[in-house]
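User: I would like a close look at one part of this model, set in the context of the chains around it. Please take your time and keep the reasoning explicit.

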Amino acid sequence: MKAAVLVFPGSNCDRDMAVALRGAGADVTMVWHKEGELPSGVDLVAVPGGFSFGDYLRCGAIAAQAPIAAALQNHVKRGGYALGVCNGFQVLTETGLLPGILMRNAALKFVCKTVGLRVETSQSAFTNGYKAGDVVNFPVAHHDGNYVTDAETLDMLKGEARIPFRYTDNPNGSIDDIAAVLSENRRVLGMMPHPERAVDAGHGGTDGQALFRGLLSELMTA
Amino acid sequence: MKAKVHVMLKEGVLDPQGAAIQHALGALGFAGVNEVRQGKVILLDLADGTTEPMIAEMCEKLLANTVIESYTIEIMS
């Protein structure tokens with residue numbers, strides 16, 4: 001399985017993401033944001049956490065206009081997989097690849113801690129390694145993770161089981177405790193918590209391994 | 001030519017920063033502040049001949065996220 005990790009000025013979880021993907025068996029290439037194309041044969045594009053372009057204007061807004069973002073759009077249109085974590089989730093909403101937007105945390109404070117997440121569906125390449133109802137622990141570290149969308153979109157996300165993770169104790173005010181959102185074809189996942197920071201015993205937990213291993217197993221057989 | 005773009009959260013979108021400002025004003029003793037909404041002002045210095053539809057395109061593509069924000073364009077000179 002070939003994966004590309006996008007790197008923007010201000011990305012700071014790009015190497016963690018690459019380590020997590022390689023640990024699960026992926027062949028990973030780092031791709032600078034000025035590139036107009038992804039390496040050929042890429043199955044998964046990972047958009048990492050960090051503070052791309054200093055979070056200027058709106059988190060992820062400037063990264064969403066970078067040359068590589070157009071290549072990401074084409075990759076997803078062709079049915080490719082994408083995973084956006086934290087700032088990567090913000091980039092995916094700003095590109096329009098996922099609905100909604102991430103606003104300032106309701107309590108206006110940066111939140112940095114480990115949170116519990118309830119797995120709501122195993123029906124995606126990202127969550128097939130879990131069982132619905134499992135509770136996993138992933139770190140969060142963000143100032144703008146308060147997921148907002150209109151009532152109509154929320155009903156659609158719920159009806160199509162496109163909310164794969166919910167917070168057990170909402171840290172940021174997200175509507176309906178939403179921690180993650182899937183695209184209509186279930187091949188694009190955006191999430192605020194960091195699975196790549198929970199793949200090694202030294203991280204204090206390994207609940208994230210199942211996400212990367214599940215993704216690899218589904219993409220290897222695809 | 002110069003233009004001023006105002007970007008505001010749409011009606012009904014919760015504005016936690018505005019709410020914090022309102023709370024702080026109350027704490028300072030300013031009574032009767034019913035609501036505070038915080039937005040952005042973006043000043044653009046543009047080549048002559050730039051049209052309002054071109055500025056609107058800038059707003060749609062980058063300056064505002066129209067999922068939650070609205071914008072108004074003011075041509076200044």
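Across which strands of chain B does helix 2 (residues 52-63) lie, and at about what angle does it run to strand 3 of chain B?

Analyst: This is a predicted model, and what follows should be read as a description of that prediction. Helix 2 of chain B, residues 52-63, lies across strand 1, strand 2 and strand 3 of chain B, and its direction makes an angle of about 150 degrees with that of strand 3.

The sheet under this helix deserves a description of its own. Its three strands form an open sheet in the order 2-1-3, with antiparallel pairing. Strand 2 (40-45) and strand 3 (69-75) stand at the edges and have a single partner strand each, so that one side of each is left without a neighbour in the sheet. When direction is ignored, neighbouring strands of the sheet are turned by 20 degrees against each other on average. In general, the strands of a sheet pair through backbone hydrogen bonds, in either a parallel or an antiparallel manner. Between strand 1 (residues 2-9) and strand 2 of chain B, which run antiparallel, there are six bridges. For a specific point of reference along this pairing, B:Val5 can be found opposite B:Ile42, a residue of strand 2.

Taking chain B as a whole, one counts two helices and three strands, and along the sequence these elements follow the pattern β-α-β-α-β. Among the contacts of chain B that join residues at least 6 apart in sequence, 68% are between residues at least 24 apart. The overall dimensions call for some care, however: chain B has a radius of gyration of 16 Å, whereas a compact globule of 77 residues would have one near 11 Å. Along the principal axes, the C-alpha trace of chain B spans about 50 × 25 × 15 Å, and buried residues account for 10% of its 77 residues.

From helix 2 we can turn to the place where the two chains meet. Here eight residues of chain B are in contact with 10 residues of chain A. On the chain B side, the element that gives the most is helix 1 (residues 16-27), with three residues. The residues on this side of chain B comprise six nonpolar and two polar ones, with no charged residue among them.

Chain A, the partner in this contact, contains five helices and 11 strands. Its radius of gyration is 16 Å, which agrees with the value near 17 Å that a compact globule of 222 residues would have. The C-alpha atoms of chain A fill a box of roughly 40 × 35 × 35 Å along the principal axes, and 54% of its 222 residues count as buried. Of the chain A contacts between residues at least 6 apart in sequence, 73% join residues at least 24 apart.

Two places in chain A illustrate its buried portion. In helix 3 (residues 87-94) of chain A, eight of the eight residues are buried, so this helix is largely enclosed by the rest of the structure. Among these buried residues are A:Phe89, A:Val91 and A:Leu92, together with A:Gln90 and A:Glu94. The buried residues of helix 3 pack against strand 3 (44-47), strand 4 (81-85), strand 5 (101-103) and strand 11 of chain A, and the helix is followed by A:Gly96, which has a positive phi near 85 degrees. The other place is A:Phe138, located in strand 7 (residues 135-142) of chain A. A:Phe138 is buried because 25 other C-beta atoms lie within 10 Å. With residues up to four places away in sequence left out of the count, A:Phe138 touches residues including A:Val115, A:Leu117, A:Pro193 and A:Asp207.

Two loop residues of chain A merit a separate check of their backbone angles. A:Asp176, in the loop between strand 9 (165-167) and strand 10 (180-182) of chain A, has a phi near 55 degrees, a positive value in a residue other than glycine. With 13 other C-beta atoms within 10 Å, A:Asp176 is partly exposed. A:Arg186, found in the loop between strand 10 and strand 11 (188-191) of chain A, likewise is not a glycine and has a positive phi of about 65 degrees. This residue, A:Arg186, counts as partly exposed, with 18 C-beta neighbours inside 10 Å.

Technical notes
Residues numbered from 1 in each chain as written. Chains lettered and ligands numbered in written order. Predicted model: local features only at pLDDT ≥ 70, side-chain atom pairs only at ≥ 80, totals over all residues. Contact = placed C-beta atoms within 7 Å. Helix = DSSP H or I, 4+ residues; strand = E, 2+ residues; numbered from the N terminus. Nonpolar A, V, L, I, M, F, W, Y, C, P; charged D, E, K, R; others polar. Pairing = 2+ DSSP bridges. Axes fitted to C-alpha atoms, helices over the stretch in contact; angles between N-to-C directions. Rg over C-alpha atoms; globule rule 2.2 N^0.38 Å. Buried ≥ 20, exposed ≤ 12 C-beta atoms within 10 Å, placed from the backbone.
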